[in-house]
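Hi everyone, thanks for coming. Could you pull up the structure on your screens, so we can walk through it together?

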Amino acid sequence: MCSAICLPGTAKKLLKTSCCHNCIQCLEGTYSNETNLPNCLPCENGTWSLKGWTSCKPKEEDYWKWDGSHAIVLLTFTVLGYLLLLFTLIIFLVFYGKPVMKQAGGNLCFLIMAGLTLSYTSVILFIGKPNVHICRSRQVLYALGFSLTVSCILVKALRTFACFHLPYQCERVKRFYKPPVIIACGTLIQVLICVFWLIFDSPAVETFQSDQSMMITVQCNEGSGVGFGIMLCYIALLAFVCFLMAFKGRKVPQAFNETGHIILSMLIYLFVWVCFTPVYIAKVNERYSIQAAAVLVSCYGVIFCHFAPKWYMALCKKKEQLTREAYIARANAHIPDTVDFFPEIIQEAAFVTGSQNTINSDDTGLGSINLEITNQTLRKRTRSKSI
C-alpha cells in the first residue's frame with residue numbers, strides 16, 4: 001500500500017497515481033464509522049454531524065432553560081422585585097389613610113404596583129421554550145403594565161404642574177383633570193396598539209440553525225418590528241411628557257410635590273430603552289437578554305424613586321412628624337412671604353380641594369390639608385400686612 005489507512009471519520013480520495021489515495025475528513029452532515037471507506041455516509045432521520053465525525057446525532061434546541069445561568073439571574077431579580085412590591089403593599093396597608101400614604105398618591109400607588117407586577121411577570125416569560133402564546137404574552141404584559149404605571153405617574157406630575165404653573169386657569173384645568181379618565185385613556189391607547197400589532201404583525205416563534213453547529217436556536221420574533229417599535233415609542237412618549245411636566249415643576253416646594261422622583265425614574269427609563277434600541281435594530285444575539293434587563297431596570301427605577309422614600313417616611317421618621325399638623329407646619333415653612341404669591345396659593349388650594357370628581361376621586365387625600373395651609377398662611381400674612 002502506498003497510502004495510509006483512512007480512520008473512521010475520514011474517507012479515501014483517490015489520486016491520479018494508481019492505488020494511491022489521500023484521507024479527507026467527512027463534511028458536515030456525513031460520517032464514516034469504518035476504516036478505508038471510499039465515501040462518507042449521509043446522516044439520516046433528522047440527525048446531523050460536524051466535520052470529521054464518526055456518527056450522527058440529533059441537534060439540540062437552544063433557549064433559556066430554567067436551570068441555566070441566564071434564567072437564574074433573571075428569576076433572582078424578578079423575585080426580589082416581587083418581594084419589594086409586597087413589602088410596599090404591606091406598608092401602604094398599615095399606613096392607609098394616613099398623611100404618608102396620601103402624600104405618596106393614595107390609591108394611585110396600588111395601580112402603580114399592579115402595573116409593575118405585570119411588568120415583572122413579563123420577564124418570567126423570557127424563560128423556557130418559546131411558543132406563539134408566550135411570545136405574544138410577554139410583550140403585551142410589559143406594554144400594558146408599564147403603560148399603566150407611567151399613566152399613574154403622569155397624573156401625579158400633572159397635578160403639581162397644573163397647581164403651580166397654571167394658577168389662573170385652574171377652573172379650566174379642573175374640568176380636564178380627571179385621574180381615572182387619564183389613566184384609562186393612557187392604558188387604553190396601548191391596548192389598541194397591542195391589538196393592531198397582534199392582528200397585523202403578530203410575534204411568532206422562529207428557529208435558526210447552522211451547518212457548523214449542533215444547536216437549533218429557538219426564539220421569539222416580533223414580526224417586522226413596526227408594532228414593537230410603536231409600543232415602545234408610546235411608553236417613551238408618556239415618560240417624556242412626565243419628565244417635561246416634572247422638570248418644569250422642579251422648583252415647587254418639596255412639601256407639595258415629588259418632581260425629583262418623577263424626573264429620576266423617567267430618565268432611568270428613557271436612558272435604558274434608548275440604549276436598547278440600537279442593540280435590537282442590529283439584531284444582536286443577546287438582544288433578548290438586554291430587553292429583559294431593561295424591563296427589570298425600569299421597574300426598579302420606579303420602585304426606588306417612588307416607593308423607597310415612603311418606606312423611609314413611614315418606618316424611620318418619628319410618629320409626630322407624620323401627623324396632619326406636622327405636615328401643615330412643614331408646608332407653611334416653605335411658602336414664600338410675598339403677598340403677590342397669594343393668588344397662586346389660593347388657586348392651588350381651590351384646585352387641590354376641587355370637587356369629588358377631580359382630586360378626591362383618586363384619593364390623593366391632601367385637599368383639606370392644603371386648604372388649611374392656605375388659610376393659615378393667608379391669616380398670618382393679612383395680620384402682618386395690617387401691622
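I'll take a salt bridge, then a sheet, then one residue in a helix. Keep in mind that this is a predicted model.

Okay, charges to begin with. Side chains of opposite charge can pair when their charged atoms come close. So how many salt bridges does a search of the whole structure find? Just one. In that salt bridge, the side chain of Lys129 meets the side chain of Glu61, at 3.0 Å from N to O. The pair ties together distant parts of the chain, since the two residues are 68 residues apart. Lys129 sits in the loop between helix H3 and helix H4, while Glu61 belongs to strand E7. Are they buried or exposed? Somewhere in between: Lys129 is partly exposed at 42% relative accessible area, and Glu61 is partly exposed at 33%.

Strand E7 brings us to the sheet. Picture an open sheet of three strands, in the order E7-E9-E8, with mixed pairing. E7 and E8 are the edge strands, so each of them pairs on one side only. From one strand to the next, the twist averages 30°. E8 and E9 run antiparallel and are joined by six bridges. If you want to find one of these strands' partners on screen, look for Ala204, whose bridge partner in E9 is Asn221.

Last stop: Phe228, in helix H7. Phe228 counts as buried because its relative accessibility is 2%, and the cut-off for buried is under 20%. What does Phe228 touch, leaving out residues up to four places away in sequence? Its contacts are Gln139, Trp197, Glu222, Phe276, Tyr280 and Gln291.

Notes: Residues numbered from 1 in each chain as written. Predicted model: local features only at pLDDT ≥ 70, side-chain atom pairs only at ≥ 80, totals over all residues. Heavy atoms only, no water. Helix = DSSP H or I, 4+ residues; strand = E, 2+ residues; numbered from the N terminus. Buried < 20%, exposed > 50% of the residue type's maximum accessible area, 1.4 Å probe, protein only. Contact = heavy atoms within 4.5 Å. Salt bridge = Lys/Arg side-chain N within 4 Å of Asp/Glu carboxyl O. Pairing = 2+ DSSP bridges. Axes fitted to C-alpha atoms, helices over the stretch in contact; angles between N-to-C directions.
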